[in-house]
Amino acid sequence: MAGIIMHKRLALAAILAFFAFGSVALAQIGRGLGEATDLRLNGNNFIAGTVFLPTGRPADRRIGIRLVSPAHGEFVGTTDTYGQFIYGGVPAGLFLIQIDREDEFEPANQSVQITRDREEPSQVYNLSIRLREKTPTPAKTKSPPVVNVAELGVPKNALNLYAGAVKLSEAGEHHAAVEQLKLAVAEYPAFANAFNEMGVQYLRLNNLEKADEALLAALKIEPDAFEPLLNRGIVLFRMNRFADAEPVLRSVLKMKDQSAFAHFYLGRTLAKMQRYDDAEKELLASFAIDGNGMKEAHRILAMMFIDKDDRQSAATALETYLRLVPAAPDAEKLKQAILQLKAAGNPPLGPR
């Protein structure tokens, strides 16, 4: 009997973890998207959308788009001639879609929080971006060029190597980018930005040990640098080094307590360590800071409550998730899971 009860618990968890969004191929997303931009990050999710002109019509020419991630760097792409775009191979993480290099339009951006790991079913995140016409700026009011303080004192040759590595990365040449960055830090060993970028490149190549080494080198130069510290927290989480990831992510939050992303990853880390009460606080904090971007926190909470045998709380978390994401691709499966959880009542599911 205990075996049957345990099977039910695992089945409920499977509905949440493995039937979340179903397998999606590029061909299933729709026509007119042109060539997809493959991030080559071993992810199985997709970010797709349409860019609209100020008139409300889809863009009828190619619009330059950048996909930026604090963990993985920057990817450059374009829409097709119908205003549509798609990025494939997207892993879990925070991503920002930016359109900021069109002369006649104001900069536009949207953030996307993806919480599905590589081994989980894929998800398609659909966006709609409407452009606004740019207001001409009188020549006399133009701002002076922005100086990157982090690059002050860096030799020109090292900066050129760094810039070359970024371009190689944009072209998907991550191994070549690493080699360029090695030359940059050889030219200027105190080049923290180059070490951080090297960590990002190794992360893209899924070489987590090398990524950690590079990020540690960046932090040795600038111990209080937010970006490499956050990147290292992500790397440690992906390495399943949860006890090491926790203090790093807590240090990130000391720098920026309102970082929903850091709260979210700390919550996931604590959940992996089965420190469920602390994990719940962090996941709820991430949602309180960014309710639009952190809806998945409630789904993770549901999985955590199932592991605790707290079925009523799991049902409540799933109901909250469905209120926030009523069009979830697996909404019907989640509704079935809620019914099963409620029907089971309050007693524990039995011996683990």
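# Exercises on a predicted model

The side chains of Arg241 and Asp244 form a salt bridge, with 3.0 Å from N to O, in what is a predicted model.

## Exercise 1: Arg241, Asp244 and their surroundings

Determine how Arg241 and Asp244 are placed with respect to solvent, and state which residues their salt bridge network includes.

Solution. Begin with accessibility, for which the partly exposed class lies between the limits of 20% and 50%. Arg241 has a relative accessibility of 27% and therefore counts as partly exposed, and Asp244, at 35%, is likewise assigned to the partly exposed class. Next, consider the other two salt bridges of this set, beginning with the one in which the side chains of Glu246 and Arg250 meet at 3.0 Å, N to O. These two residues are four apart in helix H8, which means that about one helical turn separates them. Their environments are assigned separately: Glu246 is buried at a relative accessible area of 12%, whereas Arg250 is partly exposed at 31%.

The remaining pair consists of Asp277 and Lys308, whose side chains meet in a salt bridge of 3.7 Å, N to O. Because Asp277 belongs to helix H10 (residues 276-289) and Lys308 to the loop between helix H11 (296-307) and helix H12 (311-324), this pair ties together parts that are 31 residues apart in sequence. Asp277 counts as exposed at 51% relative accessibility, while Lys308, at 32%, counts as partly exposed. Finally, the network asked for is one in which Asp212, Arg232, Arg241 and Asp244 are joined by salt bridges that share partners. The total for the model comes to 13 salt bridges.

## Exercise 2: The setting of helix H7

Establish whether helix H7 is largely enclosed or largely open, and identify elements that cover its buried residues.

Solution. First take the geometry: H7 (residues 226-238) contains 13 residues and reaches 19 Å from its first C-alpha to its last, close to the 18 Å expected at 1.5 Å a residue. Then turn to burial, where 10 of the 13 residues are buried, so the helix is largely enclosed by the rest of the structure. Among these buried residues are Pro228, Asn231, Arg232, Gly233 and Phe237; Arg232 also appears in the salt bridge network with Asp212, Arg241 and Asp244. The cover over the buried residues of H7 includes helices H5 (192-204), H6 (208-221), H8 (242-255) and H9 (260-272). Just after the helix, Asn240 adopts a positive phi of about 65°.

## Exercise 3: Two nonpolar cores and strand E2

Describe the largest nonpolar core, then say which strands pair with E2 and in what sense.

Solution. The largest nonpolar core comprises 68 residues, and Phe191 and Met198 have the most contacts inside it. Helix H9 gives the most to this core, contributing eight residues. Beyond four places in sequence, Met198 touches Val178, Leu181, Lys182, Val185 and Ala214. A second, separate core has 24 residues, including Leu39, Ile47, Leu67 and Leu127.

For the strands, start from burial: seven of the eight residues of E2 (residues 45-52) are buried, so this strand is largely enclosed by the rest of the structure. E2 runs antiparallel to strand E5 (residues 84-90), to which six bridges join it, and in E5 the bridge partner of Gly49 is Phe85. With strand E8 (residues 124-130), E2 pairs in the parallel sense over seven bridges, and Ile47 there stands opposite Tyr125.

## Exercise 4: Positive phi in loops, and a buried serine

Locate Gln274 and Asp309, give the phi of each, and then work out whether Ser169 is buried or exposed.

Solution. Most residues other than glycine have a negative phi, so positive values merit attention. Gln274, in the loop between H9 and H10, has a positive phi near 60°. Asp309 sits in the loop between H11 and H12 and has a positive phi near 65°; at 15% relative accessibility Asp309 counts as buried.

Ser169, for its part, is placed in helix H3 (residues 156-170). Buried requires a relative accessible area under 20%, and because Ser169 has a relative accessibility of 3%, Ser169 counts as buried. Leaving aside residues up to four places away in sequence, Ser169 touches Glu74, His174, Ala177, Gln201 and Arg204.

Conventions: Residues are numbered from 1 along each chain as its sequence is written. This is a predicted model: local features need pLDDT of at least 70, side-chain atom pairs count only at pLDDT 80 or more; totals for chains, interfaces and linings use all residues. Side-chain values use heavy atoms; hydrogens and water are left out. Buried means under 20% relative accessible area, exposed over 50%, partly exposed in between (1.4 Å probe, protein chains only). Contact means heavy atoms within 4.5 Å. The expected span of a helix is 1.5 Å times one less than its number of residues. A nonpolar core is a set of buried Ala, Val, Leu, Ile, Met, Phe, Trp, Tyr and Cys residues joined through side-chain atoms within 4.5 Å. Two strands pair if DSSP finds at least two bridges between them. A salt bridge is a side-chain nitrogen of Lys or Arg within 4 Å of a carboxyl oxygen of Asp or Glu.
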